[in-house]
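Hi everyone, thanks for coming. I'd like to walk you through one model today, starting from a question and working outwards.

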Amino acid sequence: MRAAAKSSFVAWAAVDVLSGRAVRLRRGREENLTDYGSAEGALTRWAEAGLNHLHVVDLGAAFGREPCLGPILRRAAREFPQVSIQAGGGVRDAASALSL
């Protein structure tokens with residue numbers, strides 16, 4: 001008899017960031033924006049709720065503006081070392097990836 005295949009599922013909370021704010025863009029348009037407060041506050045709320053996987057996107061950098069995630073991610077990594085964080089948005093080369 002074969003052993004059942006082990007599977008796993010990991011839920012990642014997504015936080016979209018624009019100018020340091022946690023936001024949702026309706027249909028990807030800035031004029032249809034919902035602001036959920038500071039990005040750091042959003043990451044803190046997810047981490048304190050027990051979620052250990054966060055996906056964070058710098059929408060401003062994705063739109064070609066100055067990236068803002070570096071300090072936010074470094075603070076989150078210090079305060080919540082148990083949380084795995086994925087980051088994206090505007091990462092177009094190794095140097096920008098390493099700057100996060």
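Which residues line the largest cavity? Keep that in mind for a second while I say that this is a predicted model, and that everything I quote is computed from it. Here is the list: E40, L43, T44, I72, R75, A76, E79 and F80 line the largest cavity. The space inside comes to about 40 Å³. If you search the whole structure for cavities of 30 Å³ or more, you find 1.

Now, who supplies that lining? Helix 1 and helix 3 each bring at least two residues to it. Helix 3 gives the most, with 4 residues.

Let's pick one name from the lining and follow it: I72. You'll find I72 in helix 3, which spans residues 69-79. Is I72 buried or exposed? It counts as buried, because its relative accessibility is 8%, and the cut-off for buried is under 20%. Leaving aside residues up to four places away in sequence, I72 touches V17, G20, A39, E40 and L43. Two of those names, E40 and L43, also appear in the cavity lining. For a sense of distance, take L59: it sits 13 residues from I72 in sequence, and the two C-alpha atoms are 14 Å apart in space.

I72 has company, too. The buried residues of helix 3 are L69, G70, I72, L73 and A76. They lie on the same side of helix 3, because they cover an arc of only 165° around the axis. There is a general point behind this kind of pattern: an α-helix has 3.6 residues a turn, so residues three or four places apart point the same way. On the face of helix 3 turned away from the buried side, you'll see the exposed residues P71 and R78.

So what covers that buried side? The cover includes strand 1 (13-18), helix 1 (39-48), strand 4 (53-58) and strand 5 (84-88). That brings us to the sheet.

Please rotate the view a little if you have it open. In what order do the strands of the sheet run? There are 5 strands in an open sheet with mixed pairing, and the order is 3-2-1-4-5. At the edges are strand 3 (33-38) and strand 5, each of which pairs on one side only. On average, neighbouring strands in this sheet are turned by 35° against each other, direction ignored.

Let me go through some of the pairings. Strand 1 and strand 2 (residues 21-25) run antiparallel and are joined by 3 bridges. One example is D16, whose bridge partner in strand 2 is V23. Strand 1 and strand 4 run parallel, with 5 bridges between them, and here A14 stands opposite H55 in strand 4. Strand 4 and strand 5 are also parallel, joined by 5 bridges. In that pair, V57 has G88 of strand 5 as its bridge partner.

Finally, how do our two helices sit relative to the sheet? Helix 1 lies across strand 1, strand 2, strand 3 and strand 4, and it runs at about 75° to strand 3. Helix 3 packs on the sheet as well, touching strand 1, strand 4 and strand 5, and its direction makes about 175° with that of strand 5.

And that takes us back to where we started: helix 1 and helix 3, each with at least two residues in the lining of the largest cavity. Thanks for listening!

Terms used:
Residues are numbered from 1 along each chain as its sequence is written. This is a predicted model: local features need pLDDT of at least 70, side-chain atom pairs count only at pLDDT 80 or more; totals for chains, interfaces and linings use all residues. Side-chain values use heavy atoms; hydrogens and water are left out. Buried means under 20% relative accessible area, exposed over 50%, partly exposed in between (1.4 Å probe, protein chains only). Contact means heavy atoms within 4.5 Å. The arc is that of the directions from the helix axis to the C-beta atoms. Two strands pair if DSSP finds at least two bridges between them. Axes are lines fitted to C-alpha atoms, for helices over the stretch in contact, and angles run from 0 to 180 degrees between N-to-C directions. On a 1 Å grid over the protein atoms alone, a cavity is a set of points where a 1.4 Å probe fits but cannot get out, and a pocket is an open set with protein on both sides within 12 Å along at least five of seven lines; lining residues have an atom within 4 Å of a point. Grid points are joined across faces, edges and corners, and a volume is the space filled by probe spheres set on the points.
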